[in-house]
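Here's a quick tour for anyone meeting this fold for the first time. Have a look at the model below, then read on.

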Amino acid sequence: MASNPHLSSRLQGFGTTIFAEMSALAVKTGALNLGQGFPDTDGPPEVAEAAIAAIRNGHNQYPPLPGVADLRLAIAEHQQRFWDVRLDPNTEVLVTAGATEAIAATLLALCEAGDEVVVFDPTYDSYAAGIAMAGARIRPVVLTAQANGTFGFDPVQLREAFSPRTRLLLLNTPHNPSGKVFTDEELSLIGELCVEHDVIAVTDEVYEHLVFDGRHRLLSAYPGMAERTVTISSGGKTFSFTGWKVGWATGPADLIAAVRVAKQFLTFVNGAPFQPAIAVGLRLDDSYFSQFRRQLEQKRDLLCSKLGQAGFDVLTPQGTYFATVDIRRLGFSDGIQFCLGLPELAGVVAVPSAVFYQDRKDGAHFVRFCFAKNDAMLTEAGDRLITAFA
């Protein structure tokens, strides 16, 4: 993209996100949108009703900077209930404007200019921008497709990514866009390297309840990591209210205090009536979380089956609500051009994975589809792809 003379040098090369571009293309063409990662149905009625009740009961002004006390308590309860992590809700929990703000505030708070941040490529698009805004440099470790249909990384490349300038490691598991769930062996190595190099870990775990194969493990649970890990999540993906933008960061009090300093000068606070509603969601019965996972797993299987029938080489995701395909079997090699033409070819919108890589050549042949949609839409989209390519 052309440079903008008014844009700071830190953000040259960053433009409108691919999600906004592809969603606009879906609207323009009338194509089925399997690009941007949002569900097409609302979440639990009791959570929605709690937000309505909060509005009616006057919870419409600035909440406390750290977040509404009951939500902070609910987050702490959730971490202990599901992951056996004990937190002080007063000092070790910070409510944010979604996970994106939590990540940005953490980078801004903890990085000095010239520091390096290790990430796993492909990376969610806000990571590189947040690192740039913090004046730091990104050090990618590339995830590559494995023979078993999942993604993995070269341990040697990971070791080489650490240097005396490494300040943070930013980990997303379950991983968007690949759908990878990091294994116990991989997390053990990551933890060992963080301890060895005295590096802080930042974990983006917004898909923590959407693991289909394997299980979710917290990096903070590994030896030496509890005192050096900021764990981030949100209610948007778990409760299908992505527009509410209620997230959180948890971890040692000193790290959370630092993140809070940066966060207060970003949004200050947000989502006053939505915070008590997300607290209701976090306290839902276990059956909600297991049913939610089963429903998304069935949607994954539905779409992946259709994608396979259409002729794509499908890398079945272990988690999240995204499926990655390799388009080379169909005779294509440029995912960006493929996605730009897909609405006309098949009436479907997807996202080119290349935009998530620091070197776009690494992901040029991958395309990402979102399956967090109703079954009728997934079936219709799949049938359109089969008609177009099979």
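## Helices on the bigger sheet

In this predicted model, helix H7 (residues 184–196) lies across strands E3 (116–121), E7 (166–172) and E8, and it runs at about 165° to E7. Helix H3 (residues 69–83) lies across E2, E9 and strand E10 (247–250), at about 115° to E2.

## The seven strands underneath

Those strands belong to an open sheet of 7 strands with mixed pairing, in the order E2-E10-E9-E8-E7-E3-E4. Strand E2 (93–96) and strand E4 (137–142) are at the edges with a single partner strand each, so one side of each has no neighbour in the sheet. On average, neighbouring strands here are turned by 20° against each other, ignoring direction.

Zoom in on E8 (residues 200–204) and E9 (residues 229–234): they run parallel and are joined by 4 bridges. Val202 has Val230 in E9 as its bridge partner.

## A four-strand sheet

Another open sheet has 4 strands in the order E11-E12-E15-E14, with antiparallel pairing. Its edge strands are E11 (313–315) and E14 (351–352), each pairing on one side only. E14 is joined to E15 (residues 366–370) by 2 bridges, and Pro352 has Val367 in E15 as its bridge partner. Helix H12 (residues 335–346) lies across E14 and E15, at about 40° to E15.

## What's packed inside

The largest nonpolar core has 95 residues, and those with the most contacts inside it include Val117, Phe312 and Phe369. Helix H11 (residues 286–310) gives the most to this core, with 8 residues. Apart from that core lies another one of 26 residues, including Val118 and Phe182.

How values were computed: Residues are numbered from 1 along each chain as its sequence is written. This is a predicted model: local features need pLDDT of at least 70, side-chain atom pairs count only at pLDDT 80 or more; totals for chains, interfaces and linings use all residues. Side-chain values use heavy atoms; hydrogens and water are left out. A nonpolar core is a set of buried Ala, Val, Leu, Ile, Met, Phe, Trp, Tyr and Cys residues joined through side-chain atoms within 4.5 Å. Buried means under 20% relative accessible area, exposed over 50%, partly exposed in between (1.4 Å probe, protein chains only). Two strands pair if DSSP finds at least two bridges between them. Contact means heavy atoms within 4.5 Å. Axes are lines fitted to C-alpha atoms, for helices over the stretch in contact, and angles run from 0 to 180 degrees between N-to-C directions.
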